[in-house]
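Please find below a colleague's note on the model under discussion. The points are numbered so that each can be checked against the coordinates.

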Amino acid sequence: MDQFISLPRGTADILPEEALLWQAMESQARTVFGVYGYQEIRTPFFEETDLFARSVGQTSDIVQKQMLNLAAQTEAQENDKSTSLSLRPEGTASIVRSYIQNRLDKKEKLSKLFYIGPMFRGERPQKGRLRQFHQIGVEAIGPDSASPFLDAEVIALGTNLLKQLGLNDFVLRINTLGTLEDKGAFSGILKDSLQDKIRNLCPDCQNRYDRNVLRVLDCKNKECRSVVEGLNFWRNCEYLSPKSKEYFEAVKKALDALEITYVEDPKLVRGLDYYTHTVFEFSCQRLGSQDAVGAGGRYNNLVEQLGGPVADAVGFALGMERILLATAKEGAELQAGLDAFVVCLQEEGLLKVFKLLQDLRARGVSADMNLRPGSMKSQMRQADKAKARFVLILGEEELKAGEVTLKDMKQGVQEKFRLGAFEEIVSKIRSNKSEN
RNA sequence: GUGGCUGUAGCGCAGUGGUAGCGCACAAGAUUGUGGCUCUUGGUGUCGCGGGUUCAAAUCCCGUCAGCCACCCCA
C-alpha cells in the first residue's frame, strides 16, 4: 500500500450495520408519507447555481460561502461557459424548479411531494454537521395550499414523523414573518431603529444590517442580543398586517386543535430568504450546538419568483444524521438471522452441499456456508454468529448413508433427512420459520 | 471561515525520552463430529502523515491531514 486514499472531508461511510438503521428510517418515513398522501419526487443532486442563488438567497451564508461548485465541465457545458453548476445545498429549490418545469400545477391544485436524499454544503465539519448530509423533506405546493390548516397539517406531519422515528424529546418553535410586504416593511423599521446602534453590533450583524436585517434578531452574540432586547417593539408583531396576524392565529388554533405543543418564538428567523408567514423549527437540546433536527415554513412567493405560476407552498426538512444521533439506536439488533447454515465436513461432499445451498436460496430460504470449510467447531460458531435457525450438516456418516442432518439451533434437537428429500427439508425449515 | 482539544490493534483506551500494552472483538484448542458459557494459547500495529531535535521519539519541536468542542451557520 503506497498511498491510501481516505474519504473526503465531511463525508461518511455508512457501513452495513448502520445501513440497517437508515433503511428502517427510510421505510418508516415512506409509510408515514403514504398515510398523509405524499408522493416521492427525485431530482438531480446538482442544478444550475443560479437556481439556488435565486431561491435560497444571494445574501444567505449557504449561497455565499457553502455552495459546492462543480468544476468539471461536461461537453455541453464547454460550449457555454456561463452556466455554472452546484451540488444542491437543500431540497426545496430543486423541487420548485421541477414543479414549474413539469407543469405540475396543471395536474392538480395541490402537489404533496416528499424526498429523501443527500445534500451538500462546504461547511467545516462537526458532529451533526457534514458536507454531505441527508434530509427527509416534504413540500406541499399549489393554489390549494393557501390554507392555515395546511401549515398546521405539515407541522403535525413533521411532529408525527419525528415521533415515529423514535424521537420524543424535541421542542417545536414557531413564528410568523408575514407576507413579503410585511417582511419588507419590518426590515425598514428595524433598520431605522438600529441605525444609531450599528457600532454596538458584532461584525457579522453589521454585515447583516445591509444584507438581511432580520437575521440580527436571532444572533446569539451577547451584545447584539441586548441591543435587540432594547428595541422591544417586535414582540407585539406591530409590523404585521391584520391579515397576516389573522393567518398566524388560525395556524395556532389548528395546532391547538391537533394537540400539538409548540413554543412561540418571535425571534425565530430562518436563514433562507424564501420564507414568508409561518416558520418553524424542531430542536433537540441533547445534540449540543447542532441542535436543529428539522425546520421549515411557508414560501408563498418562491414559485412565482422562479418564473412559475402563482402557487403558495409549505414544507420542511429533517436532518437524518441528526435524528440518528438523537435516537442512538444499535443497528446490530436489526440484523435478521439466516434460515439455515450449511456445514460440510468432507471434501468429497462439498459439491453436493454447494448445490444444496443454491437450491435453498432459489426457494427463498436464506442460507450460507463457508466455501472453505474448517473444523466442525468453527463452522458451528459461524452458524451461531450468523444467527442461523437451522444447521444442515454433511459429514462422513451422512455422506455414506446419502443423508443430511438438520439441526434446530433454538431447540437443540436434530434429525436426519435423505439428501434427495429436498422438499421435506425446505418445508421443515419453513414451518419453523413461520412459528417465530 | 475563527479559536481550542485530540489522533496508539477492528472498536474503546493506557503508555510523557530507552524500541508498545490492557479490555472487548478475532483465531486455534480444552478425549478423535456439534454453536452460545468458562478456561488456555496466539497475534492483531505505517503509534494519523511528513520533517526536525537526540546515541535513542508513540513520547519533545515544527508542519500537515482528519475528527471533536465552542463560535459561525444550519438539517
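The points go from the overall form of the chain to the RNA surface, two helices and two single residues.

1. Status and content. This is a predicted model. Chain A has a secondary structure of 17 helices and 15 strands. Its radius of gyration is 29 Å, well over the 22 Å that the globule rule gives for 436 residues, so chain A is more spread out than a compact globule.

2. Extent and contacts. The C-alpha trace of chain A spans about 95 × 55 × 50 Å along its principal axes. Of the 436 residues, 35% count as buried. Among the contacts in chain A with a separation of 6 or more, 69% come from residues 24 or more positions apart.

3. RNA surface, residues. There are 54 residues around RNA strand B, and those that come nearest are Lys127, Gly271, Gly319, Gly395 and Glu397. Sorted by class, the surface near RNA strand B holds 20 charged, 19 polar and 15 nonpolar residues.

4. RNA surface, elements. Which element gives the most to the surface near RNA strand B? It is H15, with six residues. The helices that each supply at least two residues are H3 (61-65), H13 (320-327), H15 (376-385) and H16 (396-401). The strands that do so are S5 (132-141), S9 (292-298), S10 (313-319) and S14 (403-408).

5. Helix H14, geometry and burial. H14 runs over residues 350-362, and its 13 residues reach 18 Å from the first C-alpha to the last, close to the 18 Å expected at 1.5 Å a residue. The buried residues of H14 are Val353, Leu356, Leu357 and Leu360. They cover an arc of only 105° around the axis, which puts them on the same side of H14. An α-helix has 3.6 residues a turn, so residues three or four places apart point the same way.

6. Helix H14, surroundings. The buried residues of H14 pack against three strands: S11 (340-344), S12 (367-369) and S13 (390-394). Leu351, Lys355, Gln358 and Ala362 are exposed on the other side of H14. Gly364, just after H14, takes a positive phi of about 85°.

7. Helix H10. Where do the buried residues of H10 lie around its axis? In this helix, residues 222-231, the buried positions are Cys224, Val227 and Val228. Seen down the axis of H10, they fall within an arc of 95°, so they line one face of the helix. Their packing partner is helix H9 (203-211). Lys222, Ser226, Glu229 and Gly230 are exposed on the other side of H10.

8. Ala328. This residue lies in the loop between H13 and S11. Is Ala328 buried or exposed? Ala328 is exposed, because 9 other C-beta atoms lie within 10 Å and the cut-off for exposed is 12 or fewer. Ala328 and Leu167 are 161 residues apart in sequence, and their C-alpha atoms are 9.8 Å apart in space.

9. Glu181. Helix H8 (residues 180-194) contains Glu181. Glu181 has 11 C-beta neighbours inside 10 Å and therefore counts as exposed. From C-alpha to C-alpha, Glu181 and Lys112 are 27 Å apart in space, with their positions 69 residues apart in sequence as a separation.

Conventions
Residues are numbered from 1 along each chain as its sequence is written. Chains are lettered from A and ligands numbered from 1 in the order in which they are written. This is a predicted model: local features need pLDDT of at least 70, side-chain atom pairs count only at pLDDT 80 or more; totals for chains, interfaces and linings use all residues. A residue is near a molecule or strand if its C-beta atom, placed from the backbone, lies within 6 Å of it. Helices (H or I, at least four residues) and strands (E, at least two) are DSSP runs, numbered from the N terminus. Ala, Val, Leu, Ile, Met, Phe, Trp, Tyr, Cys and Pro count as nonpolar, Asp, Glu, Lys and Arg as charged, and the others, Gly among them, as polar. The expected span of a helix is 1.5 Å times one less than its number of residues. A residue is buried if 20 or more other C-beta atoms lie within 10 Å of its own, exposed if 12 or fewer, and partly exposed in between; C-beta atoms are placed from the backbone. The arc is that of the directions from the helix axis to the C-beta atoms. Two residues are in contact if their C-beta atoms, placed from the backbone, lie within 7 Å. The radius of gyration is taken over C-alpha atoms; the globule rule is 2.2 Å times the number of residues to the power 0.38.
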